[in-house]
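This report describes a single protein chain for a reader working at the bench. Please keep the sequence and the three-dimensional view at hand while reading.

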Amino acid sequence: MDNLRKPKMIIFDYGHTLVYEDKWDGVKGNKALLEYCVSNKNNLTAEQITEFADNLFINTNEGRKIGLEFHEHQFQQFLNEYLQIEINLSPTENEKVFWDNASPAHAMPHIKETLDYLKKTNIRTAVISNISFSGEALENRINKNLPENKFEFIIASSEYIFRKPNKLIFELALSKANLNAGEVWYCGDSVDFDVEGANNAGIFPVWYESEIECCYNKNWGNQKTPDFKHLHIHKWLELIDVLEKSK
């Protein structure tokens, strides 16, 4: 794409953008948690816990539809107390054990080279993610899979109430970066949440569409192409090429 000005910062989505995650398996996550169980008054199995948790999660969707987020610690607290289960872990340890077993993560191909290129060319980086897991759990997972990253901040929607595409969460990032919208690009895999959300906040959107299977990319292949200016890439090395041309 011609006539693109080099950004001062590029902000990334998390799921199916920086990493891809294995197919979601809540039963595996709850089986792992039951190993730390000190009380299970109703003798519930991992399958029964997962069925209840899945239905509980569905009940939170109305809030998501209007751009609001809940926190995993609150979700787990309600779940465990309602089902009368006691897990001998802190809230952060609880979500880490569950998440690591329910859906392990892997770095996207060439994202490490891309982040290294951005660091060498003095383009700042950060993350905004729609996610109910805590900011601490998200940061730990990103650092585990991308240990050389130089993200200035990682925004998890769970910590800030609002979800993409609500422009408030993009404006929060601009405030934290002390930059204007025109100085920033945002990269993500969802047209609805990432591409349109960034565009509505005045940030230049990069639509990263990977064919790699991930628990986050359900129906992503049927996304409608945006009718506004954006960059559409399928591999991270394409972003480096575009940035080279924008020098």
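The text below treats the overall fold, then the charged residues, and then selected backbone and core positions.

## Overall architecture

The structure is a predicted model. Its secondary structure amounts to 11 helices and 10 strands. The radius of gyration is 19 Å, close to the 18 Å that the globule rule gives for 247 residues, so the chain is as compact as a globular protein of that length. Along the principal axes, the C-alpha trace spans about 65 × 35 × 35 Å.

Of the 247 residues, 51% count as buried. The chain exposes about 12,700 Å², and carbon and sulfur atoms supply 47% of that area. Contacts reach across the sequence: among those between residues at least 6 apart, 76% join residues at least 24 apart.

The chain carries 27 positive and 37 negative charges, and the mean positions of these two sets are 5 Å apart.

## Salt bridges

A search of the whole structure finds 13 salt bridges. Three of them are listed here with the separation of their closest nitrogen and oxygen atoms.

| Salt bridge | Closest N to O separation |
|---|---|
| Asp-13 with Lys-164 | 2.9 Å |
| Arg-141 with Asp-100 | 3.1 Å |
| Lys-65 with Glu-62 | 3.3 Å |

Asp-13 and Lys-164 form a salt bridge at 2.9 Å. This pair links distant parts of the chain, 151 residues apart: Asp-13 belongs to the loop between strand 1 (9–12) and strand 2 (19–21), and Lys-164 to the loop between helix 8 (157–160) and helix 9 (167–177). Both Asp-13 and Lys-164 are buried.

The salt bridge between Arg-141 and Asp-100, at 3.1 Å, also connects distant parts of the chain, with Arg-141 in helix 7 (residues 135–145) and Asp-100 in helix 5, 41 residues apart. Arg-141 is buried, with a relative accessible area of 5%, whereas Asp-100 is partly exposed at 26%. Arg-141 and Asp-100 are also members of a network of salt bridges that includes Glu-21 and Lys-96.

The salt bridge between Lys-65 and Glu-62, at 3.3 Å, lies within one element. These two residues are 3 apart in helix 3 (residues 61–65), so about one helical turn separates them. Lys-65 is exposed, with a relative accessible area of 64%, and Glu-62 is likewise exposed, at 55%.

## A buried acid without a partner

Which side chain of opposite charge is nearest to Glu-95? The nearest is that of Arg-141, 9.6 Å away, and Glu-95 is buried yet has no salt bridge. A salt bridge requires the nitrogen and oxygen atoms to be within 4 Å. Glu-95 lies in helix 5 (residues 91–102). Leaving aside neighbours within four places in sequence, Glu-95 is in contact with Glu-72, His-73, Phe-133, Ser-134 and Ala-137.

## A buried strand residue

Val-184 is found in strand 8 (residues 184–188) and is buried, with a relative accessible area of 1%. What does Val-184 touch beyond its neighbours within four places in sequence? Its contacts there are Pro-7, Met-9, Ile-11, Leu-174, Leu-179, Ile-203 and Phe-204. Val-184 and Leu-243 are 59 residues apart in sequence, and their C-alpha atoms are 13 Å apart in space.

## Backbone features

Most residues other than glycine have a negative phi, and most peptide bonds are trans. Against that background, three places deserve inspection.

A cis peptide bond joins Lys-164 and Pro-165, with omega about 15°. Pro-165 is located in the loop between helix 8 and helix 9. Lys-164 also takes part in the salt bridge with Asp-13.

Ile-161 lies in the loop between helix 8 and helix 9. Although Ile-161 is not a glycine, its phi is positive, at about 75°.

Asn-122 has a positive phi of about 60° and is likewise not a glycine. Asn-122 sits in the loop between helix 6 (111–120) and strand 6 (124–129), where it is exposed, with a relative accessible area of 66%.

Note on methods. Residues are numbered from 1 along each chain as its sequence is written. This is a predicted model: local features need pLDDT of at least 70, side-chain atom pairs count only at pLDDT 80 or more; totals for chains, interfaces and linings use all residues. Side-chain values use heavy atoms; hydrogens and water are left out. Helices (H or I, at least four residues) and strands (E, at least two) are DSSP runs, numbered from the N terminus. The radius of gyration is taken over C-alpha atoms; the globule rule is 2.2 Å times the number of residues to the power 0.38. Buried means under 20% relative accessible area, exposed over 50%, partly exposed in between (1.4 Å probe, protein chains only). Contact means heavy atoms within 4.5 Å. Accessible areas come from the Shrake-Rupley method with a 1.4 Å probe; for residues, only the protein chains shown count as cover. Lys and Arg count as positive and Asp and Glu as negative; His and the chain ends are not counted. The place of a charge is taken as NZ of Lys, CZ of Arg, CG of Asp or CD of Glu.
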